[in-house]
Amino acid sequence: MEWKPLDGKKKPKAPERVLVAWREKHGAKFVCLRYGILVHWPDGVWTTELREPLSRESLPDFWSRIDPPPAEERIAS
C-alpha cells in the first residue's frame, strides 16, 4: 500500500472509494491516528460513504487506493 498526499490527487472519471488517513500532532511529532474510507467524486467533492460532504478543513492528509484481493484469494460466491 502506498500513501500519497491528498493535495496531489486528481479528480477521478467515476466515483472512487479510497482509504484515507488524517495526520495529527502527537507530542513533538506527527502521526496518523485516524483512518477511514471516503468517496472522491468527478466534480472534486469528497464525501463519506453515506454521501455526506466534507468541509475543506476536515479533509484527510493522505489517501491510498483500495485494491481488491488477488483472484486466487477471493471467496467464491
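Is K9 buried or exposed? In this predicted model, K9 is buried, with a relative accessible area of 14%. That value lies below the 20% limit under which a residue counts as buried. The side chain of K9 takes part in two contacts of note. Its charged end sits over the ring of W63, at 4.7 Å from the ring centre. K9 also meets E16 in a salt bridge, with an N to O distance of 2.7 Å. The partner E16 is partly exposed, at 22% relative accessibility.

The strand arrangement gives the frame for the remaining results. Five strands make up an open sheet with antiparallel pairing, and their order is 1-5-2-3-4. Strand 1 and strand 4 are the edge strands, each pairing on one side only. Strand 2 and strand 3 run antiparallel and are joined by 11 bridges. Four bridges join strand 2 to strand 5, again in antiparallel fashion. Within this arrangement, A21 stands opposite Y35 in strand 3 and opposite F62 in strand 5. W22 stands opposite R34 in strand 3. The hairpin of strand 2 and strand 3 has two residues between the strands, and G27 in this hairpin takes a positive phi near 70°.

R34 and W22 are related through their side chains as well as through the sheet. R34 lies over the face of W22, 4.2 Å from the ring centre. R34 also forms a salt bridge with E24, for which the N to O distance is 3.8 Å. This pair links distant parts of the chain, with R34 in strand 3 and E24 in strand 2, 10 residues apart. Both partners are partly exposed: the relative accessible area is 40% for R34 and 27% for E24.

Side chains of opposite charge can pair when their charged atoms come close. The salt-bridge count for the model comes to four, including the pairs of K9 with E16 and of R34 with E24. Another of the four joins E49 to R17, with the closest N and O atoms 2.7 Å apart. E49 lies in the loop between strand 4 and strand 5, whereas R17 belongs to strand 2 (residues 16-26), so the bridge ties together parts of the chain that are 32 residues apart in sequence. E49 is partly exposed at 47% relative accessibility, and R17 is partly exposed with a relative accessible area of 47%.

The nonpolar interior was examined next. The largest nonpolar core has eight residues, namely L6, V18, V20, W22, L38, W46, L59 and W63. Strand 2 gives the most to this core, with three residues. Two tryptophans of the core are also the rings over which charged groups are placed: W63 lies under the charged end of K9, and W22 has R34 over its face. Another core member, L6, touches W46, L59, P60, D61, F62 and W63 when residues up to four places away in sequence are not counted. Among these contacts, W46, L59 and W63 are themselves listed in the core.

Aromatic pairing was searched over the whole structure, and one pair was found. It consists of W3 and Y35, whose ring centres are 5.9 Å apart; the planes meet at 45°, so the pair is tilted. W3 is in the segment before strand 1 (4-5) and Y35 is in strand 3 (residues 29-40), so that the pair links distant parts of the chain, 32 residues apart. W3 is partly exposed, with a relative accessible area of 34%. Its partner Y35 stands in strand 3 opposite A21.

The backbone of the loop between strand 4 (46-47) and strand 5 (62-65) contains R51. Most residues other than glycine have a negative phi. R51 departs from this pattern, with a positive phi of about 65° although it is not a glycine. R51 is exposed, with a relative accessible area of 61%. The loop between strand 4 and strand 5 also holds E49, the partner of R17 in a salt bridge.

How values were computed:
Residues are numbered from 1 along each chain as its sequence is written. This is a predicted model: local features need pLDDT of at least 70, side-chain atom pairs count only at pLDDT 80 or more; totals for chains, interfaces and linings use all residues. Side-chain values use heavy atoms; hydrogens and water are left out. Rings of Phe, Tyr and Trp (its six-membered ring) pair if their centres lie within 6.5 Å; planes under 30 degrees apart count as stacked, over 60 as edge-to-face and the rest as tilted. Buried means under 20% relative accessible area, exposed over 50%, partly exposed in between (1.4 Å probe, protein chains only). A charge sits over a ring if NZ of Lys or CZ of Arg is within 6 Å of the ring centre and within 35 degrees of the ring normal. A salt bridge is a side-chain nitrogen of Lys or Arg within 4 Å of a carboxyl oxygen of Asp or Glu. A nonpolar core is a set of buried Ala, Val, Leu, Ile, Met, Phe, Trp, Tyr and Cys residues joined through side-chain atoms within 4.5 Å. Contact means heavy atoms within 4.5 Å. Two strands pair if DSSP finds at least two bridges between them.
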